Amino acid sequence: MSAVLSPAPPAADRAAAAGGARAVLALARFEARKLLSSAPVVLAFVVYIGWIGWRTRQSFAGYPALQDADRSTQAGPLLVGMAVLLSANLAVLRSRRHGTEDQFAVLVVPRGRRTAAHVLALLPVVLLTAGCVTGQFTWEALKPGAIGHGSPAELLAGPLTVLLFGAVGVLLARLLPVPSAAPLLSVCFLFVFVLGAFSFQGEGTRWLAPVVSEASTTPLPSDLIGRPAAWHALYLAGAALCVAFLAVLVSGARGLTVKAGVALTLALAVTGAVAQAGGDSPALTAARERATVTPEKEQTCVERAGSRYCAFPEWVPRTAQWATVVDRVRSLTGPAAHDRQLLVRQRIDARYGPAADSAIPPATRRDQVTVGTAWGGNRVPEFSTAVAAVLVAGSEAASDTMCDGRMVTVMWLSLSWQDDPVDALRRVRLDDSVSGAAIVLSPTDPLTMTEGQTDVVRRLLQRPLAGVAAKVRAHWAELTSPKVTTARVAELLGVAGPGKADSCA
Amino acid sequence: MNPTVSASGLSLHYGRTRALDEVELRLTPGVTGLLGPNGAGKTTLLRVLATAVPADRGSFTVLGHDPRTARGRQEVRRHLGYLPQTPGFHPGFTAFEFVDYVAILKELTDRRARHREVRRVLEEVGLGEVRGRRIRKLSGGMRQRVALAAALVGDPGFLVLDEPTVGLDPEQRMRFRELIARAGEGRTVLLSTHQTEDVAMLCRRVLVMAGGTVRFDGTPAELTARAAGRVWSSTERDPGAKAGWRTGTGTFRNVGDPPAGADLAEATLEDGYLLVLDGMGAGVAA
């Protein structure tokens, strides 16, 4: 038996290769320092970090669903990416622009390795972006109202976009070595990816964009989101590395490692691109259908003060906040409603994915209140209104058609206990007004207030809470009887009535 | 003494133009001057020796390394310092950063040792005080010294300088000569120049090129000796002279074959250079 052994590379070759690798790293460190201190990158980071601070302070009204918060980290890095594209491009073109090509061409580190150093120099800025993304997400996660789970793959999209854009800047400099190319490409990217001038239609093509944010006002449970985030991260990583290897290849480094790198990373990018375009699986579609049509099968319920709160598992910690609202509203009602056992059920329409914003029909079951998946801000008075409407009218479906003086009681119950009742009135109305007729938002179908009802509610909200509450308790039966007029309600509660009769038309 | 650089039959054509034609060369430590008119092939020879362009034919070695192979070329580059005719600079870099950058490209990878070396060469060229200043704020002479520092960093055994004193004022030129003379101590320097006084003051050896070939290879004294007895003064330009020009005293200095009884003058290296070129044009208008 014989064995064929390939000869080991000579020691001199190994030493030269090691020296070359060290030189590439040293050059990458130098270029990274230059890149991080370049004006576009510094400016982009100042704006980006400022944007994070400004946005995250008030984002999600303080109650983020982390499965949405992870996506919200993806837009900011686009700005950094464009700055990196510009600066990396200029760094590669530096020798050509300032006539040092001839000098550097006869130095030991060849052009291909210099290009590799430019690519490696992108890593610190990518890591810094990752740090910003992590900081932004951690900020959201540390908010007391945070629920849910973020996806590491979603969090990777921003840094990988920066890497991709930087690598494109390096490749562009090698393919089209003119300083105007990168600014022009940046403008194109700005229009395509940021301003959305070109719409990526279809499941296959829209995921080719580096950032597919799919902003939604209705967070879905993590397992119903169905975004191919991991495949997209693979696609981005493959594309960025493929572009980087291509840049090294076109710079003259035609070694086997580089060619294999191009082939492998291209395969990764294609695999990611194909897999991410697969669309929703039948299992996901079925799960979304179940969560929409029969949420009770998916939810966890807890009892609080005689009422039952059913939520998708990630939202269970939030039931305490819902219960606070229910308790506050119920405490103002008459004795008949005091002991009513409400069922507060979280309902969503998940059938059209995370970007859809479908209306939820009112529940027909008596004493059932719908709550959405978003919370904080205007969602609180909206839920409060739904609770009050069910306590007054019996059910969401019944309150939907309410066009009488009960609306005054509903709105007073909903708003009077809040920190700034008149401001809450403004926020719960679609047109942000505190006078005239308006639509009142709720988790399901909206309610309507006439001009007269608005006037009476506003007058009541300006009165001391305890005094009005006593009258509400005293006249609860009449205040909640169908067909009671707004004028009569005003009279019972001791404020001036409306100028004209109710009209919901 | 073993030559640092040894070239044999080096030829390079640009289309039909013979830029280099069978150049033979042996360079040893010390400063060797390379004289020649424009288009003589000086810069082409330097670029070939600096491995910037390959020769069509012939071969050369630098410290025993043959640049025709990739590994040999890398080895040549490891021992090379090259200052091109019009060096470029990155104006936003400081002098230190620029030389440091070149040092990295020469594979000086140990950061501390590299920075020590960069400081050393900047001190050597007299820029230690301004090493933190951006290149855009340096004078032309200072920039040229930055380029020399970049060529010197890493202590190369073979230094190629292509007309480094062009555009410098006399004081800067003198300073540069000092630097080149110091650089030539213990290493091989090939200095291309139009300035015969540079060669006279600095070089242990001189090559004269014309038409892509080496026309003279010897010491400056030998080049000067070529003109001994072939330089004379006259009140009118001698029509038989190969070159002649009016001097500051109003008399004519003639170079060529003097007539009988001519008032012979002391020959200079420039006279020898002109005679080597033998009327190939050296701007010697009457």
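**Figure 1. The annotated stretch of chain B, residues 5-236, is 35% helix and 27% strand.** In this stretch the end C-alpha atoms lie 46 Å apart. The complex shown here is a predicted model, and the predictor gives it an ipTM of 0.87 and a pTM of 0.88. The label for residues 5-236 of chain B comes from an unreviewed UniProt entry, which lists the feature as "domain: ABC transporter". Stepping back to the whole of chain B, you can find nine helices and 13 strands.

**Figure 2. The overall outline of chain B agrees with a compact globule.** Chain B has a radius of gyration of 21 Å, which agrees with the value near 19 Å for a compact globule of 286 residues. Along its principal axes, the C-alpha trace of chain B covers about 70 × 40 × 35 Å.

**Figure 3. Chain B is assigned three domains.** Domain 1 of chain B is built from three pieces of the chain, 1-79, 157-195 and 204-217. Domain 2 of chain B takes in 88-155, and domain 3 covers 224-277. Between the centres of domains 1 and 2 of chain B, taken over C-alpha atoms, there are 23 Å.

**Figure 4. A closer look at where domains 1 and 2 of chain B touch.** Here eight residues of domain 1 of chain B are in contact with seven residues of domain 2 of chain B. Which helix gives the largest share of the domain 1 side? Helix α6 (residues 170-183) of chain B does, with four residues. Sorted by class, the domain 1 side that touches domain 2 in chain B holds six nonpolar residues, two polar residues and no charged ones.

**Figure 5. Confidence along chain B, from its elements to its last residues.** The mean pLDDT of chain B is 91, and 97% of its residues score at least 70. Of the elements of chain B, helix α3 (residues 95-105) has the highest mean pLDDT, 97, and strand β11 (residues 243-246) has the lowest, 88. Please read residues 280-286 of chain B with care, as the pLDDT is below 50 there. Even so, this stretch of chain B makes 14 contacts in the model beyond near neighbours in sequence.

**Figure 6. Chain A is more spread out than a compact globule.** Chain A holds 24 helices and six strands. The radius of gyration of chain A is 31 Å, whereas the globule rule gives 23 Å for 505 residues, so chain A is more spread out than a compact globule. The C-alpha trace of chain A spans about 100 × 60 × 35 Å along its principal axes.

**Figure 7. Two of the annotated transmembrane regions in chain A.** An unreviewed UniProt entry lists several stretches of chain A as "transmembrane region", including residues 74-94 and 229-249. How much of residues 74-94 of chain A is helix? The helix share is 90%, with 0% strand, and the end C-alpha atoms are 30 Å apart. Residues 229-249 of chain A are 100% helix and 0% strand, with end C-alpha atoms 30 Å apart.

**Figure 8. The two domains of chain A and their contact.** Domain 1 of chain A consists of 19-195 and 228-279, while domain 2 of chain A runs over 293-493. The centres of these two domains of chain A, taken over C-alpha atoms, are 48 Å apart. In the contact, nine residues of domain 1 of chain A meet eight residues of domain 2 of chain A. The domain 1 side that touches domain 2 in chain A has five nonpolar, four polar and no charged residues.

**Figure 9. A hairpin in chain A, made by strands β1 and β2.** Strand β1 (residues 300-304) of chain A and strand β2 (residues 307-311) of chain A run antiparallel and are joined by five bridges. One residue pair to look for is V302(A) with its bridge partner in β2(A), Y309(A). Two residues lie between the strands, and A305(A) takes a positive phi near 50° in this hairpin.

**Figure 10. The contact between chain A and chain B.** In this view, 20 residues of chain A and 23 residues of chain B take part in the contact. On the chain A side, α1 (11-36) and α5 (101-105) of chain A each supply at least two residues. What is the largest share of the chain A side that touches chain B? Eight residues, from α1(A), make up this share. By class, the chain A side that touches chain B has 11 nonpolar, six polar and three charged residues.

Note on methods: Residues are numbered from 1 along each chain as its sequence is written. Chains are lettered from A and ligands numbered from 1 in the order in which they are written. This is a predicted model: local features need pLDDT of at least 70, side-chain atom pairs count only at pLDDT 80 or more; totals for chains, interfaces and linings use all residues. UniProt positions are given in the numbering used here, feature names are shortened, and annotations may be inferred rather than shown by experiment. Two strands pair if DSSP finds at least two bridges between them. Domain bounds come from an automatic or database domain assignment. Ala, Val, Leu, Ile, Met, Phe, Trp, Tyr, Cys and Pro count as nonpolar, Asp, Glu, Lys and Arg as charged, and the others, Gly among them, as polar. The radius of gyration is taken over C-alpha atoms; the globule rule is 2.2 Å times the number of residues to the power 0.38. pLDDT is the predictor's confidence in each residue, from 0 to 100.
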